[in-house]
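Let's take a walk through this one, starting at a loop and working our way over to the metals and the ligand. Keep the viewer open as you read.

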Amino acid sequence: MITVSARETLPHVHTEEREKDPLCYVENGLAKRKKWETMGESVAEAQEITEDNNMEKKPQDGRKAPPHREVPPVVGLLLAVALMNALLYLCLDRFFISPRRAPGRCPYGYFRMGQMKNCSPWLSCEELRTEVRQLRRVGEGAVKRVFLSEWKEHKVALSRLTSLELKDDFLHGLQMLKSLQSQHVVTLLGYCEEDNTVLTEYHPLGALSNLEETLNLSKYQNVNTWQHRLQLAIDYVSIIRYLHHSPLGTLVMCDSSDLRKTLSQYLLTRNFSIVVNDLDALPLLNRSSGALVKCGHRELHGDFVAPEQLWPYGEDMPFRDDLMPSYDEKIDIWKIPDITSFLLGHVEGSDMVRFHLFDIHKACKSQAPEERPTAQDVLDTYQKVWNLLRDTMISQTREML
Ligand code: ADP
Ligand code: MG
Ligand code: MG
């Protein structure tokens, strides 16, 4: 049995490459349509000019040219609009989602962020001490205090260990960050074990627990839609699937004893996707050797945690860590419906999405862990629901055109 404090020396691995479908909604299509309509006007204008030019080249053979019938400009315009609509109709599904390709990832020990063209090696202790300027505190958890900082005109996040007693957790988190660098995990820029510091890419939208506050800002109204929110849920389940099938083996997200705490381990990126940030409590499960996990050494309460995480011997018997049974990664599946419900929020269409996810969420809440679906099953269902709703929207928009 492995508890979260058990530490492993883990091999380094190369990161997983995964292309992600981005968001491009019908509104975008319609915006493009507007642009196209304008272009259509220019085309019509251009046609008129060409016609004028042709008119100047009157036949020189003395024969009488047929009388020129003027096409009213409005007819040309209407034709252009009709043509553009037809094109839009045919290409609508392309506009709905356009590829959002991530640039190639760097090899182990290197990073790239923002507009950086080349991969840079992780910063050393010396570089962290001399090149990073700490600005202000932006977050704090049990293990780390996080500061917005500056490195070569880049905004970066400098995490400092809060208490030496938690150094094991801090080092485990760092080891995981190093080993799991991928599109699902915050980018590691450097670290210094001697100073207990870790440098990562800064995400100004902060922890996922701030999602509602962020999406309520007027500048983000265009992304406060069921489409973006469902994509966030897909991102979240993709991260859980990645952790359960990580290059190191099956990892369990233990730092998740309530909704807010769980959300605080993930960050919202500028392009409205999710990365996991806090990997301090991520034990490795070894099913073949029967090594299950326990998240911490204290008694857990409430229905956010999976039923197998609760003390099973009733109130009469006081909690004892050594008697508490261990469990597996299905505790993460139990929590998915609550996280997704938070991510979907209460915008137009959220309840329609909830309705489509009802059956899979019911299965996630099976009392028996083995009856719960895998993260891959949940992801497949989310993806199907996304495709179904997207296709419905596309056909509705086509009808409107
Ligand atoms: P702990 O291990 O102590 O829980 P976390 O790694 O979860 O610390 O970080 C604590 C908080 O700091 C996060 O919930 C988030 O609000 C903020 N934070 C951490 N890393 C970043 C980052 N790279 N960009 C922006 N905010 C961050
Ligand atoms: Mg945390
Ligand atoms: Mg932590």
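Start with Phe272, which you'll find in the loop between E10 and E11. Bear in mind as you go that this is a predicted model. What is odd about the backbone here? Phi of Phe272 is near 55°, a positive value, and Phe272 is a residue other than glycine. Phe272 is also buried, with a relative accessible area of 9%; the cut-off for calling a residue buried is under 20%.

There's a second spot of this kind at Asn196, where phi is positive at about 55° even though the residue isn't a glycine. Look for Asn196 in the loop between E7 and E8. With a relative accessibility of 11%, Asn196 counts as buried too, because buried means under 20%.

Now on to the metals. Which residues hold the magnesium ion that is ligand 2? Gln265, through OE1, and Asp278, through an OD atom, coordinate it at 2.1 Å. Gln265 sits in the loop between helix H7 (259-263) and strand E10 (266-268), while Asp278 sits in the loop between strand E11 (274-276) and strand E12 (284-285), so this pair ties together parts of the chain that are 13 residues apart in sequence. Both Gln265 and Asp278 are buried.

Asp278 has a second job to look at: it bridges the magnesium ion (ligand 2) and the magnesium ion (ligand 3), and the two ions lie 3.6 Å apart. For ligand 3, the protein donors are two OD atoms of Asp278 and an OD atom of Asp280, at 2.1 to 2.5 Å from the ion. How accessible are these two aspartates? Asp278 has a relative accessible area of 10%, and Asp280 has 4%. Both values count as buried, because the limit is under 20%.

Asp280 also leads us to ligand 1, since one of its polar side-chain atoms lies 2.8 Å from an oxygen atom of that ligand. Backbone atoms join in as well. A polar backbone atom of Ala142 is 3.2 Å from an oxygen of ligand 1, and a polar backbone atom of His203 is 3.0 Å from a nitrogen of ligand 1. How much of ligand 1 does the protein cover? On its own, ligand 1 has 550 Å² of accessible area, and the protein covers 93% of that.

Zoom out a bit and you'll see that ligand 1 sits in the largest pocket. Strand E4 (132-140), strand E5 (144-151) and strand E8 (197-201) are the elements that give two or more residues to the shell around ligand 1. There are 19 residues around the ligand, and those that come nearest are Val143, Lys144, Glu201, Ser264 and Asp280.

Two more loop residues are worth a click before you close the viewer. Thr187 is in the loop between helix H4 (167-179) and strand E7 (188-192), and it is buried, with a relative accessible area of 10%. Its C-alpha atom is separated by 9.8 Å from that of Tyr110, and the two residues are 77 apart along the chain.

The other stop is Glu308, in the loop between strand E13 (293-294) and helix H8 (330-344). Which side chain does Glu308 contact? Its side chain makes a polar contact of 2.8 Å with the side chain of Arg372. Glu308 is buried, with a relative accessible area of 18%.

Methods: Residues numbered from 1 in each chain as written. Chains lettered and ligands numbered in written order. Predicted model: local features only at pLDDT ≥ 70, side-chain atom pairs only at ≥ 80, totals over all residues. Heavy atoms only, no water. Donors = N, O, S within 2.8 Å, 3.2 Å for Na, K, Ca; no water. Helix = DSSP H or I, 4+ residues; strand = E, 2+ residues; numbered from the N terminus. Buried < 20%, exposed > 50% of the residue type's maximum accessible area, 1.4 Å probe, protein only. Near = heavy atom within 4 Å. Polar contact = N/O pair within 3.5 Å; in protein donor to acceptor, adjacent residues only side chain to side chain. Areas by Shrake-Rupley, 256 points an atom, 1.4 Å probe, with all protein chains shown as cover. 1 Å grid on protein atoms, 1.4 Å probe; cavity = no way out; pocket = protein on both sides within 12 Å on 5 of 7 lines; lining within 4 Å. Sits in = over half its atoms within 2 Å of the grid points.
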